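Good morning, colleagues. Please take a moment to look at the sequence and the structure on the screen before I begin.

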Amino acid sequence: MLDEAALLKRARQFDTDALAQIHDAYYGPLFRYISFRVSDRDVAEDLTSEVFTRFLSSLRQRNPPESTLRGWLYGVAANVVADHMRKRYRAPQVALDETMPSRAAGPAELAEAALTRSDLRDAIGDLTDEQQHVIALR
C-alpha cells in the first residue's frame, strides 16, 4: 500500500515522481469506478483525466487534500460523474454515423453484449443511489 501522507507531501512540492506514482496507483481503480457509472469507455477516460486535472489544480491553488488522498480522489470522481450526468441530461448528444468499417466483434456479438449491458443497467437502476454507489466502489 502506498504511503499516502508521504506521497501527498512530495506532490505538494510538485515532485514529478510522486505525481506519477499517484497517477499510476489510482488511475485504474478510478477509471473502473467511473466507467461503471457512465457505461461509455471514452467518456470514462475523459472523466478520469478530469479527476487528475482537478487534483493538479488543487495543488497549484494550495488547497490539496490534507490527509486521505484516496478518499479525496474518489470524492472528486463522484462529483465529476454527477457533473457529467447533469450536463448530459441538459444537452443530449446525438451519435454520429460511422462510415469506416470496424474491426470489432460482429453484429450478433455486439447486440448480445449491448443487451447484457442494458439488462445490467436496468437492474442497477432499480437500486437506490446509495446501493449504486457501493456497487460502483466495489
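Let me start with a term. A residue is called buried when its relative accessible area is under 20%, exposed when that value is over 50%, and partly exposed in between. I should also say at once that this is a predicted model.

With that term in hand, consider T53, a residue of helix 3. Is T53 buried, partly exposed or exposed? Its relative accessibility is 41%, so T53 counts as partly exposed. As for distance, 16 residues along the chain separate T53 from L69, and their C-alpha atoms are 14 Å apart.

I turn next to two loop residues. F14 sits in the loop that joins helix 1, residues 4-12, to helix 2. The phi angle of F14 is near 60°, a positive value in a residue that is not glycine. F14 has a relative accessible area of 36% and is therefore partly exposed.

The second loop residue is S39, located between helix 2 and helix 3, the latter spanning residues 41-60. Phi of S39 is likewise positive, near 60°, and S39 is a residue other than glycine. With a relative accessible area of 37%, S39 is partly exposed.

S39 also leads us to the second largest pocket. Which residues lie nearest the centre of that pocket? They are F36, R37, S39, R121 and I124, out of 15 residues that line the second largest pocket. The volume of this pocket is about 420 Å³.

Where does the lining come from? At least two residues each are supplied by helix 2 (16-38), helix 4 (69-90), helix 5 (107-125) and helix 6. Helix 5 gives the largest share of the lining, namely five residues. By character, the lining of the second largest pocket comprises six nonpolar, four polar and five charged residues.

Finally, let us consider the surface. F36, which I named among the residues nearest the pocket centre, also belongs to a nonpolar surface patch together with L120 and I135. The accessible area of these three residues together is about 240 Å². I135 is part of helix 6, residues 129-137. Patches are made of residues with over 30% relative accessible area and no salt bridge. I135 has a relative accessibility of 35% and so counts as partly exposed.

To close, I would draw your attention once more to F36, which takes part in the nonpolar patch and lies among the residues nearest the centre of the second largest pocket. Thank you.

Technical notes:
Residues numbered from 1 in each chain as written. Predicted model: local features only at pLDDT ≥ 70, side-chain atom pairs only at ≥ 80, totals over all residues. Heavy atoms only, no water. Patch = residues over 30% accessible without salt bridge, like charges linked within 9 Å, V, L, I, M, F, W, Y side chains within 5 Å. Areas by Shrake-Rupley, 256 points an atom, 1.4 Å probe, with all protein chains shown as cover. Salt bridge = Lys/Arg side-chain N within 4 Å of Asp/Glu carboxyl O. Helix = DSSP H or I, 4+ residues; strand = E, 2+ residues; numbered from the N terminus. Buried < 20%, exposed > 50% of the residue type's maximum accessible area, 1.4 Å probe, protein only. 1 Å grid on protein atoms, 1.4 Å probe; cavity = no way out; pocket = protein on both sides within 12 Å on 5 of 7 lines; lining within 4 Å. Points joined across faces, edges and corners; volume = space filled by probe spheres on them. Nonpolar A, V, L, I, M, F, W, Y, C, P; charged D, E, K, R; others polar.
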